[in-house]
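Me: I should like to learn how to read a predicted structure, one feature at a time. May we work through an example together?

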Amino acid sequence: RAYKHDAMVQSAKLESIFNSTRYLLMFTLDQGLRISSTNANMENTLKTQFSADITTGMDAMDLFGSLVSEDLYKGQLRLLKRSQEGVQQQFELPLTSKDGATLWYQVFVNPVCYDNEQEELSCIAYDITERKEIDQKIREALKEKEVLLQEVHHRVKNNLQVISSMLNLQRKFISDPLMLNILEESQNRISTMSFIHESLYQNSDFSAISFSTYLERLTHNLIHSYSKISCRVELVSNLDEVHISLKQAVPCGLIVNELVSNSLKYAFQDMAQGKLTLRVERKEAEIEIEVSDDGVGLPDGFSFESNDSLGVYLVQALTEQIDGVLIVNNNRALETLEKRSGTSFLVRFTPITD
């Protein structure tokens, strides 16, 4: 008797919870996916929101199939059949109310077993329409922000190209070789920043760019730009797929611009051909960018730290800006040796996220 009494008490408690739950739609299905039981909230919601009556023995696939939103339904009900195989399922189900509005429900389906045999499916659903509407508004706001950011990067790129074009026009009125060289270097630096914004304009992710692809394109453009004053230079690329933030991409791009430009101007003097190597590699938590050549090497007595050229100053200042380390390896070739080992510039830094 005590056991029977305890079982009755437990059953009463479960039934009370089952029927008094205000926000959850609860129902069970038999092996044929027919309704075997429902709670009061389930019956009331179907009647008031969808003008549908639910009765024991009703086919669940037919019932919900008649209520799904034709535009948004993606065949989620087939997961009910999969749950017959004993696999828990979870899905979002769009239903059309009697007023024509779309109501979204999060549905959880769990197999119910007796004596190690699956007998029924326990189903719990709750209304997530408000959450879906908020999600949609957030998505629309993010899309609008992406469009605006795209436009910003596009305009920045165009403005930088206008400045570059103005400098190019100015060159026609200057005959001093030194001034012409300064203008050309300024154009290259402006183009480097323009490439960054062009890459971001073409990207869907504005927090980071595919940095290796950008650097390779930048280096190819520089080699083409210096083709008239330099020997034939072969570019060797060893690039890991690396994404970094805009905050570091611009200074890193300018660093590579200076290092590649200097190599093209000075490393291959009196040489018919040369090799320029660009390496981008992720090593655990750090990124390494190396520009190296097989040219003549740095001149005797050259000190990278004490050199007063603008290019050297920019490389050092920009390396500090990204909290990086600059390592210069000068293997100046001896005149008696045919093999030249050239110079390498290595920048190592830790990537950040915006």
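Me: Which residue does Glu 92 meet in a salt bridge with an N to O distance of 2.9 Å?

Reply: In this predicted model, a salt bridge is read from a side-chain nitrogen of Lys or Arg that lies within 4 Å of a carboxyl oxygen of Asp or Glu. Here the side chain of Glu 92 meets that of Lys 132, at 2.9 Å from N to O. Glu 92 belongs to strand β3 and Lys 132 to helix α5, so this pair ties together parts of the chain that are 40 residues apart in sequence.

Me: With which other residue does Glu 92 form a salt bridge, its closest N and O atoms being 2.8 Å apart?

Reply: That partner is Arg 131, with 2.8 Å between the closest N and O atoms. This pair also links distant parts of the chain, since Glu 92 is in strand β3 and Arg 131 in helix α5, 39 residues away.

Me: How should the accessibility of Glu 92, Arg 131 and Lys 132 be described?

Reply: The term buried applies under 20% relative accessible area and exposed over 50%, with partly exposed in between. Glu 92 is partly exposed because its relative accessible area is 24%. Arg 131 counts as partly exposed at 37%, and Lys 132 falls under that heading at 23%.

Me: How many salt bridges does the structure hold, and which residues are joined into one network with Arg 279?

Reply: The structure holds 10 salt bridges. One of them is formed by the side chains of Arg 279 and Glu 281, at 2.7 Å from N to O. Through salt bridges that share partners, Arg 279 and Glu 281 are joined in one network with Lys 283, Glu 286, Glu 288, Glu 290 and Arg 348.

Me: Is Arg 279 buried or exposed, and what of Glu 281?

Reply: Arg 279 has a relative accessibility of 15%, so it counts as buried. Glu 281, at 26%, counts as partly exposed.

Me: Let us turn to empty space. How many cavities of 30 Å³ or more does the structure hold?

Reply: Rolling a probe the size of a water molecule over the atoms shows where empty space is left. The structure holds 1 cavity of 30 Å³ or more, and about 120 Å³ of space lies in the largest cavity.

Me: Which residues lie nearest the centre of the largest cavity, and which elements give two or more residues to its lining?

Reply: The lining consists of 15 residues, and those nearest the centre are Phe 27, Phe 64, Leu 93, Val 107 and Ala 125. The elements that give two or more residues are β1 (25-30), α2 (40-50), β3 (89-96) and β4 (102-114). The largest share, 4 residues, comes from α2.

Me: How do the residues of this lining divide into nonpolar, polar and charged?

Reply: The lining of the largest cavity has 14 nonpolar residues, 1 polar residue and no charged residue.

Me: What makes up the nonpolar patch on the surface?

Reply: Ile 134, Ile 138 and Leu 142 make a nonpolar surface patch of about 260 Å². Ile 138 is located in helix α5, which spans residues 129-171. A residue needs over 30% relative accessible area to enter a patch; Ile 138 has 45% and is partly exposed.

Me: Where do residues other than glycine have a positive phi?

Reply: One case is Ser 51, whose phi is near 55°. Ser 51 sits in the loop between α2 and α3 (60-65), and its relative accessible area of 53% makes it exposed. Another case is Glu 284, with a positive phi of about 55°. Glu 284 is placed in the loop between β9 (273-283) and β10, and at 78% relative accessibility it counts as exposed.

Me: What separation do the C-alpha atoms of Asp 294 and Ala 267 have, and those of Gln 161 and Ile 190?

Reply: For this feature, one sets the spacing in sequence beside the distance in space. Asp 294 and Ala 267 are 27 residues apart along the chain, and their C-alpha atoms are separated by 7.7 Å. Asp 294 lies in the loop between β10 (286-293) and α9 (310-321) and is partly exposed at 25%. Gln 161 and Ile 190 are 29 residues apart along the chain, with 7.7 Å between their C-alpha atoms. Gln 161 is found in helix α5 and is partly exposed, with a relative accessible area of 37%.

Notes: Residues numbered from 1 in each chain as written. Predicted model: local features only at pLDDT ≥ 70, side-chain atom pairs only at ≥ 80, totals over all residues. Heavy atoms only, no water. Patch = residues over 30% accessible without salt bridge, like charges linked within 9 Å, V, L, I, M, F, W, Y side chains within 5 Å. Areas by Shrake-Rupley, 256 points an atom, 1.4 Å probe, with all protein chains shown as cover. Buried < 20%, exposed > 50% of the residue type's maximum accessible area, 1.4 Å probe, protein only. 1 Å grid on protein atoms, 1.4 Å probe; cavity = no way out; pocket = protein on both sides within 12 Å on 5 of 7 lines; lining within 4 Å. Points joined across faces, edges and corners; volume = space filled by probe spheres on them. Nonpolar A, V, L, I, M, F, W, Y, C, P; charged D, E, K, R; others polar.
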